[in-house]
Amino acid sequence: MSLIPSAFGGRRSNVFDPFSLDVWDPFKDFPFPTSLSDSFPRENSAFVSTRVDWKETPEAHVFKADLPGLKKEEVKVEIEDDRVLQISGERNVEKEDKNDTWHRVERSSGKFMRRFRLPENVKMDQVKASMENGVLTVTLPKEEVKKPHVKAIEISG
């Protein structure tokens with residue numbers, strides 16, 4: 001048995017060879033999805049791939065979401081009473097023409113939603129959102145941290 005797979009030997013099939021090109025799949029005939037992507041419905045695939053960065057600066061919390069191909073009218077930014085930022089929207093499926101032949105479909109479509117619990121120091125009345133080149137930026141200014149007023153007490157005696 002060779003430890004190095006042969007580049008010239010064609011397709012090998014040996015159950016004892018760890019470098020064999022034919023891999024036995026013990027779940028091949030079971031009635032469940034064969035990959036993780038098959039287990040999610042098509043309408044949720046956009047939700048899975050929506051990436052969001054959250055950074056905190058001295059002045060604000062800044063969220064950036066990659067939403068390529070979406071217009072600002074297709075995206076909703078909301079803050080719920082219990083300090084939860086919600087970014088949601090829908091990416092529509094491209095209309096099919098019966099004469100078209102699809103070779104690959106990788107762009108996701110459907111509804112998406114991301115939620116983030118916000119810290120106590122956010123000024124809820126000054127939240128701003130903007131969208132440029134498919135990147136949504138949500139800026140949440142922070143309240144100033146009040147330093148406790150310390151008064152020195154003179155000790156007598």
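This tour proceeds through two sheets, a set of aromatic rings and several salt bridges, naming at each stop what to select. The model is predicted.

**Stop 1: the four-stranded sheet**

Begin with strand 1 (residues 52–56) and strand 2 (residues 60–66). These two strands pair in the antiparallel sense through five bridges. Add strand 7 (135–141) and strand 6 (128–132) to complete the view. Together they make an open sheet of four strands in the order 1-2-7-6, with antiparallel pairing. Strand 1 and strand 6 stand at the edges; each has a single partner strand, so one side of each is left without a neighbour in the sheet. Direction ignored, neighbouring strands here are turned by 15° against each other on average.

Within this sheet, select Trp-54 and look across to strand 2, where its bridge partner is Phe-63. Both residues return at the stop on aromatic rings.

**Stop 2: the three-stranded sheet**

Now select residues 75–80, which form strand 3, and 110–117, which form strand 5. Add residues 84–91, which form strand 4. The result is an open sheet of three strands, ordered 3-4-5 and paired antiparallel. Its edge strands are strand 3 and strand 5, each of which pairs on one side only. From one strand to the next the twist averages 15°.

Take the two pairings in turn. Strand 3 and strand 4 run antiparallel and are joined by six bridges. Ile-79 is a useful marker here, with Leu-85 in strand 4 as its bridge partner. The same two strands form a hairpin with three residues between them. Select Arg-83 in the turn: its phi is positive, at about 60°.

On the other side, strand 4 pairs with strand 5 in the antiparallel sense over eight bridges. To locate this pairing, select Ser-88, which stands opposite Met-113 in strand 5.

**Stop 3: the aromatic rings**

A pair of aromatic rings is described by the distance of the centres and the angle of the planes. The structure has three aromatic pairs by the rule applied here. Display Trp-54 and Phe-116 as sticks. The ring centres of Trp-54 and Phe-116 are 6.1 Å apart and the planes stand at 75°; the pair is therefore edge-to-face, as angles over 60 degrees are classed. Trp-54 belongs to strand 1 and Phe-116 to strand 5, so that the pair links distant parts of the chain, 62 residues apart. With a relative accessibility of 38%, Trp-54 counts as partly exposed, whereas Phe-116, at 12%, counts as buried.

Keep Phe-116 selected and add Phe-63. The ring centres of Phe-63 and Phe-116 lie 5.1 Å apart with planes at 50°, so this pair is tilted. This pair also links distant parts of the chain: Phe-63 is in strand 2, Phe-116 is in strand 5, and 53 residues separate them. Phe-63 has a relative accessibility of 1% and counts as buried.

Which residues do the ring pairs link into a cluster? With the current selection still displayed, the members are Trp-54, Phe-63 and Phe-116.

**Stop 4: the salt bridges**

Side chains of opposite charge can pair when their charged atoms come close. A search of the whole structure finds four salt bridges, and the tour visits some of them.

Return to strand 1 and select Glu-56 together with Lys-142. Their side chains meet in a salt bridge at 2.7 Å, N to O. Because Glu-56 lies in strand 1 and Lys-142 in the segment after strand 7, the pair ties together parts that are 86 residues apart in sequence. Is Lys-142 buried or exposed? It is buried, with a relative accessible area of 16%, which is under the 20% limit.

Next, move to strand 3 and select Glu-80 with Arg-115. In this salt bridge the closest N and O atoms are 3.0 Å apart. Glu-80 lies in strand 3 and Arg-115 in strand 5, so the pair ties together parts that are 35 residues apart in sequence. Glu-80 is partly exposed at a relative accessible area of 30%, and Arg-115 counts as partly exposed at 43%.

Finally, select Lys-76 and Glu-78. They form a salt bridge whose closest N and O atoms are 4.0 Å apart. Glu-78 is partly exposed, with a relative accessible area of 33%; Lys-76, at 46%, also counts as partly exposed.

Terms used:
Residues numbered from 1 in each chain as written. Predicted model: local features only at pLDDT ≥ 70, side-chain atom pairs only at ≥ 80, totals over all residues. Heavy atoms only, no water. Pairing = 2+ DSSP bridges. Axes fitted to C-alpha atoms, helices over the stretch in contact; angles between N-to-C directions. Phe/Tyr/Trp six-rings, centres within 6.5 Å; stacked < 30°, edge-to-face > 60°. Buried < 20%, exposed > 50% of the residue type's maximum accessible area, 1.4 Å probe, protein only.
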